Amino acid sequence: MVKRIAVLLFNLGGPKNPEDVQGFLYNLFADKNIINLPFGFRQGVASLISSRRAPMAKKNYAHMGGGSPILKETQAQAQALEAYIEANTKGIEAKVFIGMRYWHPFVEETVREIEAWSPDEIVLLPLYPQFSSTTSLSSFEAFDKAYKGAAKVTRVCCYSDNAHFIKAHVDAIAAKIGTLKQPGHYRLLFSAHGLPESIITRGDPYQAQVEACVAKIMAGLGNPIEHSICYQSRVGPMKWIGPSTDASIQKAGADGKSIILVPIAFVSEHIETLVELDIEYAHLAAASGVKDYIRLPALGINPSYIKALNDEVLKALGSPAAVVGDHDCAGCHSFCPKRRIA
């Protein structure tokens with residue numbers, strides 16, 4: 001008997017056109033996992049922030065044609081994963097769905113499509129390799145609130161330690177280093193989206209998982225090239241984890257180093273890569289005296305990355321547990337979905 005398996009890829013989402021920008025921003029900042037305030041206050045703050053940030057955000061999205069490419073990128077990943085499962089796994093009929101957290105297709109919309117398809121099992125697979133309460137947990141909660149079916153549901157908590165995920169980065173970095181005449185003049189900067197320190201203090205494992213996967217990548221490279229981890233996209237007056245990407249770029253310039261920048265927490269191209277990294281930080285690098293600024297692409301449909309996603313689907317299907325993950329946390333962190341389900 002062939003099992004029907006629904007794989008739900010979670011991603012952030014993004015505005016399709018300039019008219020969507022303020023609504024997208026409101027949805028983002030109204031999430032209790034992003035701004036930890038009581039319901040009414042949070043909505044007020046989200047309305048204020050989104051209205052103030054929308055004009056500048058529209059200018060940034062204009063660099064990408066007025067909207068975000070993240071849906072198109074995620075659709076390509078969904079198609080690649082579905083094709084890989086079909087070609088390499090017998091006994092199942094897999095259909096890969098997309099659920100965006102802050103813009104269409106919303107998780108709640110996609111849940112209705114999944115229910116109509118009537119799968120035997122559902123695998124929730126975030127396109128966030130490192131777990132955070134602000135990304136994966138938020139999407140899990142949206143699914144749990146919307147889903148009313150009876151299929152077995154397995155959540156993939158994190159997979160930034162997956163061997164194929166590590167290989168995808170190792171191969172891309174090694175290939176680029178191999179083209180350089182003087183690799184010793186370069187510094188690898190692994191840039192991840194930042195978080196306020198208060199979120200990490202509450203038990204979010206994101207920073208530890210970023211650091212762990214970078215350590216595995218550097219071990220896989222076996223290369224003495226310098227490297228540093230940094231965090232981008234800081235907003236607001238609160239203290240954020242660091243060092244910041246902009247400060248790390250300036251330091252590389254002061255140290256006479258060129259840069260190879262690796263987006264370690266982003267697996268698709270969107271505003272944080274195409275505008276922040278490629279335009280804003282490229283300008284900063286030039287102003288800081290960095291002779292060569294190279295930004296490696298997000299993994300996208302890199303074959304090793306698609307294999308990593310397939311690994312996680314198979315692991316979920318073969319597990320009796322409600323949550324699976326690759327990272328060996330020192331202890332079950334306070335946001336862990338294993339705790340939430342228990």
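**Briefing: a parallel sheet, its helices and the spaces in the model**

Five strands form an open sheet in which the order is E2-E1-E3-E4-E9 and the pairing is parallel. At the edges stand strand E2 (92-100) and strand E9 (323-324), each of which pairs on one side only. This is a predicted model, and the points below take up the sheet with its helices, then one buried residue, and then the pocket and the cavity.

**The sheet and the helices on it**

- Strand E4 (residues 152-156) pairs with E9 in the parallel sense, and two bridges join them; here Arg155 is the residue that stands opposite Val323 in E9.
- Helix H11 (residues 303-317) packs on the sheet, where it touches E1, E2, E3, E4 and E9, and its direction makes about 140 degrees with that of E3.
- Helix H5 (residues 133-146) lies across strand E1 (3-11), strand E3 (121-126) and E4, and it runs at about 150 degrees to E3.

**A buried glutamine**

- Gln43, which is found in helix H2 (residues 39-62), has a relative accessible area of 17%, and because this is under 20% the residue counts as buried.
- When its neighbours within four places in sequence are left aside, Gln43 is in contact with Tyr26 and Ala30.

**The second largest pocket**

- The second largest pocket holds about 400 Å³ of space, and of the 16 residues that line it, Ala30, Asp31, Arg101, Glu108 and Lys145 are the closest to its centre.
- Ala30 therefore appears in two settings, since this residue, a contact of the buried Gln43, is also among those closest to the centre of the second largest pocket.
- Helix H1 (21-29) and H5 each supply at least two residues of the lining of this pocket, and the largest share, five residues, comes from H5, the helix that also lies across E1, E3 and E4.
- By class, the lining of the second largest pocket divides into six nonpolar, three polar and seven charged residues.

**The cavity**

- A search of the whole structure finds one cavity of 30 Å³ or more, and the volume of the largest cavity is about 40 Å³.
- The elements that give two or more residues to the lining of the largest cavity are helix H6 (163-177) and strand E7 (258-263), and H6 provides the largest share, three residues.
- The residues that line the largest cavity are His169, Ala172, Ile173, Val262, Pro263, Leu296, Pro297 and Leu299, of which seven are nonpolar and one is polar, while no charged residue takes part in the lining.

Notes: Residues numbered from 1 in each chain as written. Predicted model: local features only at pLDDT ≥ 70, side-chain atom pairs only at ≥ 80, totals over all residues. Heavy atoms only, no water. 1 Å grid on protein atoms, 1.4 Å probe; cavity = no way out; pocket = protein on both sides within 12 Å on 5 of 7 lines; lining within 4 Å. Points joined across faces, edges and corners; volume = space filled by probe spheres on them. Helix = DSSP H or I, 4+ residues; strand = E, 2+ residues; numbered from the N terminus. Nonpolar A, V, L, I, M, F, W, Y, C, P; charged D, E, K, R; others polar. Pairing = 2+ DSSP bridges. Contact = heavy atoms within 4.5 Å. Axes fitted to C-alpha atoms, helices over the stretch in contact; angles between N-to-C directions. Buried < 20%, exposed > 50% of the residue type's maximum accessible area, 1.4 Å probe, protein only.
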